[in-house]
Amino acid sequence: MKIYLFLLAMMVSFSASADVMEQVAEVQHHWAEANYQLKGKAQQTRFEALLNEADTVVQANPASAEALIWRGIVQSSYAGIKGGLGALGLAKAARADFEQALKINDKALAGSAYTSLGTLYFKVPGWPLGFGDNDKAEQMLKQALEINPEGIDSNYFYGVFMMDQRQYQKAEQYLLKAQQAPARPDRPVADQGRQQEITDALQQVRYQLRTHQHAGIAD
C-alpha cells in the first residue's frame, strides 16, 4: 500500500510538473511573437496581456522557478519597451522574480535566471535612479555561462555586456559562440530573432574593432 501511494504521489507530481512546463512553453512562445514580430502600440498591448498570462501561471505554480523566470523575462522585456518611470517598477519586479527563482532552483532553464538578472543589472541605470551594477552583472552572467557554456542566450548576453564595457575582442568571441549555438527546435521564432540580434551586435563590434585598429587603440 505504501509503495502504491508513493507511486501515485510521484505520478501526480510528474503530471503537475509537465503541466507547468506546458504553461511556461506557451508564455515563451507568446513572448517570442510579441518581442520579435510586433512593433509600436500593438507590441505594448500584447505585452500587457502577456504579463497577465505570466501572472496567472505564477499564481497557479508559485514554487516553480521556470514560471518565475518567464514572468521576470516578460516584465523586463516590457520595461524596455515601455520606458519612462513605469519601466523601473517592472525592472524591480523582474529582479524579485529572478532572485526568487534562484532560491528555488538556480539551474532551472539552464541558468536563465542568472542570464536575465545579469542583463538587468547592466541595462538598468545605476544609483540614484536605479539598481544597475556592472560588477553584479558580470558575476551573474559568468555564473550563467558556467551552467550553460554553449547556450545561445548565455553567450549572447555576455557578449553584449562585453560590448557595453568596450571589450570588443571578448565581445566578438562570445557573440560568435552564440551564433554557433545549437538550434532549439521548440523555439524557432526566438532563435530567429536572437540570431538577428547577434548579427547586428557583431556588426557593431567589428565596426568598433576596425575603428580602434585604424586609430591604433588597443582593445
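How many nonpolar, polar and charged residues are in the lining of the largest pocket? Keep that in mind while we look at the pocket. One caution before we start: this is a predicted model.

The pocket, then. The largest pocket holds about 1,200 Å³ of space. Its lining has 47 residues. Closest to the pocket centre are Trp 31, Ile 73, Ser 116, Phe 157 and Arg 194. Several helices give two or more residues to this lining: H1, H3, H4, H5, H7 and H9. Now back to the opening question. The lining counts 26 nonpolar, 13 polar and 8 charged residues.

Next, two of those helices, H7 and H9. H7 covers 152-164, and H9 covers 188-215. Two packed helices are described by an angle and a distance, both taken between their axes. For H7 and H9, the axes come within 11 Å and cross at roughly 25°. An angle under 35 degrees counts as roughly parallel, so H7 is roughly parallel to H9. Their crossing is left-handed. Who makes the contact? From H7, the list includes Ile 152, Tyr 156 and Phe 157. From H9, it includes Arg 194, Ile 198 and Ala 201. Phe 157 and Arg 194 should sound familiar: both were in the group closest to the pocket centre. By class, the H7 and H9 contact has 7 nonpolar, 2 polar and 4 charged residues.

Now another pair, H2 and H3. These helices pack at an angle of about 160°, with their axes 9 Å apart. An angle over 145 degrees counts as roughly antiparallel, so that is how H2 and H3 run. H2 passes H3 in a left-handed crossing. On the H2 side, contact residues include Phe 47, Leu 51, Ala 54 and Val 58. On the H3 side, they include Ala 67, Arg 71 and Tyr 78. This contact has 11 nonpolar, 4 polar and 4 charged residues.

Last stop: the cavity. Rolling a probe the size of a water molecule over the atoms shows where empty space is left. This structure holds 1 cavity of 30 Å³ or more. About 40 Å³ of space lies in the largest cavity. Which helices supply at least two residues each to its lining? They are H1, H2 and H3. H3 gives the most, with 4 residues. Ala 54, Val 58, Ala 67 and Arg 71 are among the lining residues, and those four also appear in the contact of H2 with H3. By class, the cavity lining has 7 nonpolar, no polar and 2 charged residues.

Terms used:
Residues numbered from 1 in each chain as written. Predicted model: local features only at pLDDT ≥ 70, side-chain atom pairs only at ≥ 80, totals over all residues. Heavy atoms only, no water. 1 Å grid on protein atoms, 1.4 Å probe; cavity = no way out; pocket = protein on both sides within 12 Å on 5 of 7 lines; lining within 4 Å. Points joined across faces, edges and corners; volume = space filled by probe spheres on them. Nonpolar A, V, L, I, M, F, W, Y, C, P; charged D, E, K, R; others polar. Axes fitted to C-alpha atoms, helices over the stretch in contact; angles between N-to-C directions. Parallel < 35°, antiparallel > 145°, perpendicular 65-115°, else oblique. Left-handed = near helix turned anticlockwise from the far one by under 90°. Contact = heavy atoms within 4.5 Å.
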